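Okay, thanks for coming, everyone. Let me put the structure up on the screen, and then I'll talk you through it.

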Protein chains: 2
Amino acid sequence: MAECRFPFAKYPIVTLAHGAGGRFTQQLIDDIFSAALPHAQVRHDGALVELTDRSGTVVMSTDSYVVKPLFFPGGDIASLAVTGTCNDLAMCGAQPKALSCGWIIEEGFPTRKLYDLARSMAAAAVEVGADVVTGDTKVVEKQHGDGVYLNVTGIGMPRFASHPDRIRAGAAVLLSGDVGRHGCAILTQREDLQLQEPILSDCAHLWPQVQRLQPLAASVHCLRDLTRGGLATALAELSEASATAIVIDRERVPVSDAVASVCELFGLDPLYVANEGRMVVICEDGAEEMVRAAMGADAVCIGRVESGRGVVANSAFGGSQVLDRLSGEQLPRIC
Amino acid sequence: MAECRFPFAKYPIVTLAHGAGGRFTQQLIDDIFSAALPHAQVRHDGALVELTDRSGTVVMSTDSYVVKPLFFPGGDIASLAVTGTCNDLAMCGAQPKALSCGWIIEEGFPTRKLYDLARSMAAAAVEVGADVVTGDTKVVEKQHGDGVYLNVTGIGMPRFASHPDRIRAGAAVLLSGDVGRHGCAILTQREDLQLQEPILSDCAHLWPQVQRLQPLAASVHCLRDLTRGGLATALAELSEASATAIVIDRERVPVSDAVASVCELFGLDPLYVANEGRMVVICEDGAEEMVRAAMGADAVCIGRVESGRGVVANSAFGGSQVLDRLSGEQLPRIC
């Protein structure tokens, strides 16, 4: 077992920041979970499992969901859970195949709403061609939960390689669409902010886009979806895991007017706001155009991988900003 | 999608009984989850997943754990989660291979205890030869959880067939050891009952015993571990799923003196108290002795499968009791 280097004296208790997906979460993963669990593959969204007595491998990924509110513009905890876990499989280059669901239900939760959530789960699974094959139900007393907490774990069939280890200097950094929708959808719902047109979560399956990349697989280094901590945290993780530098043009990152307004109102940087249907694709320089075309009309090239370390966002005015992982918690319970 | 027949008007909200593993849990599974999720394999402890483009199959099983207290005599939530999920795989005749862990941590939980739990998880995984390969961490605000809720999902390699469909009249019903320890360990801890010698949970891996049954696989119909709802509920499930009757001799079911005393004190029937390291094995009549020997010194034959329906426990005094699924909730948050 690896030595445990977690600074227990400095951080004696778990805080909300440890769940925000940024630097504190990483410390928990690196210094507590990885130290205790040496086989955990912590540098990516899922793990490759070599099947004994078989030629092949499957990919396994898990996520628990504690999003608040349970129903939000553009989705609900069940559709989010299915798309979130399937997206993690897709980011490993794997086609979602089988899913499990673990429901922790608070006493008093309406059974009708539970059925609505189960149907939403089913619809999201059908959409990506995966089956929910097994499940579990636990009930906790009133005030010991928030309606529903949900775990969805997935098995995927690996179709091509996607791993931070493959990232090389010179590669292009492509982004699949505009950022910040999911976080702003949750935030405006929680704050009961009345917008002319509500911001819908971008919550959606990425596998269809990933599947279109399959013929270009040799040129693809790594995929990463932008969830807790947003684009900035995803890039910081990729840079760290691959020991490279990533330089992006801030102006090339699409942000809708509505998201920009909400972020300004709450003092948020859209680059750190959560998404649930967006990804970055790191690919060979020469394959950039083909990869972009396969990703769809909303995809843009936002920067390059360079030798060195860290992530920098350059602005049109000549300024540049170092993008680190999200530090502290920006919006708790976003997924 | 199947028609939803859940009686929403009669049961408008989820109650603790829906989480107790008995009749109400079954109603939730049958009428809400199965109705919405047609591919869920709900009659067994896990699901067979046919891998696309491959010759074989894997078994997948999931359980979330909300046991209270988190540390109890003979185990903790993390060792319970690993053994519980691995036992579900074993009951499907599958060798535990890879595990995921999904942690929902309450703000304020001591980081040191979290590390203790992660180490306990690792030790339980090593014991059965499985790897914890991936995980996820979420944090909820104070008073929105109970320290830790934990999901463990497992992938297993199928080694032999075990399914209620295989059960035939004439088969022997074997029990692997004495019953009621886990539930009584939790109960005495919660009630702060001072016993001369504390009752330890039976929380343990069943795979080693199941592996010894492999050479006798052709004679084994079905395995089932005894968790929420105890021996009685497990037998009721098997009887229903296989459309057979099961008749046992109550006197042949081993119950330790300590468990018997605690059950008497609290008015519990040990046949309904939860276990976490016990199973029943339904096997061919002729193979009974060999199967019993393979199961170990504590295994006993407690009865027979007959044609008909339902479960009956005969007592030495000529009385007989119908054993139905647990109804209502006996001990909430047992696992």
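I'll go through a sheet in chain B, a strand in chain A, the contact between the two chains, and then some salt bridges. One thing up front: this is a predicted model.

So, let's start with chain B. There's an open sheet here made of 5 strands, in the order β1-β2-β7-β5-β6, and the pairing is mixed. Which strands stand at the edges? Those are β1, residues 47–50, and β6, residues 131–140; each has a single partner strand, so one side of each is left without a neighbour in the sheet. Neighbouring strands are turned by 20 degrees against each other on average, if you ignore direction.

Further in, take β5, residues 94–106, and β7, residues 148–158, of chain B: they pair antiparallel, over 11 bridges. If you want one pair to look for, Trp103(B) has Leu150(B) in β7(B) as its bridge partner. And across β2, β5 and β7 of chain B lies helix α2, residues 77–91, running at about 30 degrees to β7(B).

Now over to chain A, and strand β8, residues 172–175. Ala172(A) and Leu174(A) point one way, Val173(A) and Leu175(A) point the other way, and all of them are buried. This strand has antiparallel pairings with β11(A), residues 279–283, over 4 bridges, and with β12(A), residues 300–306, through 4 bridges. In β11(A), Cys283(A) is the bridge partner of Ala172(A), while in β12(A), Cys301(A) stands opposite Leu174(A).

Okay, the contact between the chains. How many residues does each chain put in? It's 87 from chain B and 87 from chain A. The area buried between them is about 7,500 Å², and carbon and sulfur atoms give 66% of that. There are 8 salt bridges between the chains, and 33 residue pairs in polar contact across the interface. On the chain B side, the elements giving two or more residues are α1, β1, β2, β5, α3, β6 and β7.

Let's zoom in on Glu141(B), which sits in the loop between β6 and β7 of chain B. Is it buried or exposed? Buried: its relative accessible area is 16%, and the cut-off for buried is under 20%. Its side chain makes a salt bridge with Lys68(A), 2.9 Å from N to O. Lys68(A) is in the loop between β2 and β3 of chain A, so this pair joins two chains. Lys68(A) itself is partly exposed, at 26%. Glu141(B) also has a side-chain polar contact with Arg333(A), at 2.4 Å. And if you swap the chain letters, you find Lys68(B) and Glu141(A) in a salt bridge too, at 2.9 Å.

Another one that crosses between chains is Asp63(A) with Lys138(B), at 3.8 Å. It goes from β2 of chain A to β6 of chain B. Asp63(A) is buried, with 13% relative accessible area, and Lys138(B) is buried as well, at 3%.

Last stop, inside single chains. In chain B, Arg23(B) forms a salt bridge with Asp324(B), with the closest N and O atoms 3.4 Å apart. That pair links distant parts of the chain, 301 residues apart: helix α1 and the segment after β14. In chain A, a network of salt bridges links Asp45(A), Arg224(A), Glu237(A), Glu240(A) and Arg325(A). Over all chains, the search finds 38 salt bridges.

That's my tour, thanks!

Terms used:
Residues are numbered from 1 along each chain as its sequence is written. Chains are lettered from A and ligands numbered from 1 in the order in which they are written. This is a predicted model: local features need pLDDT of at least 70, side-chain atom pairs count only at pLDDT 80 or more; totals for chains, interfaces and linings use all residues. Side-chain values use heavy atoms; hydrogens and water are left out. Two strands pair if DSSP finds at least two bridges between them. Axes are lines fitted to C-alpha atoms, for helices over the stretch in contact, and angles run from 0 to 180 degrees between N-to-C directions. Contact means heavy atoms within 4.5 Å. Buried means under 20% relative accessible area, exposed over 50%, partly exposed in between (1.4 Å probe, protein chains only). Buried area is the accessible area (1.4 Å probe) that two parts lose on being put together, summed over both. A salt bridge is a side-chain nitrogen of Lys or Arg within 4 Å of a carboxyl oxygen of Asp or Glu. A polar contact is a pair of N or O atoms within 3.5 Å; within protein, one must be able to donate a hydrogen and the other to accept it, and residues adjacent in sequence count only if both atoms are side-chain atoms.
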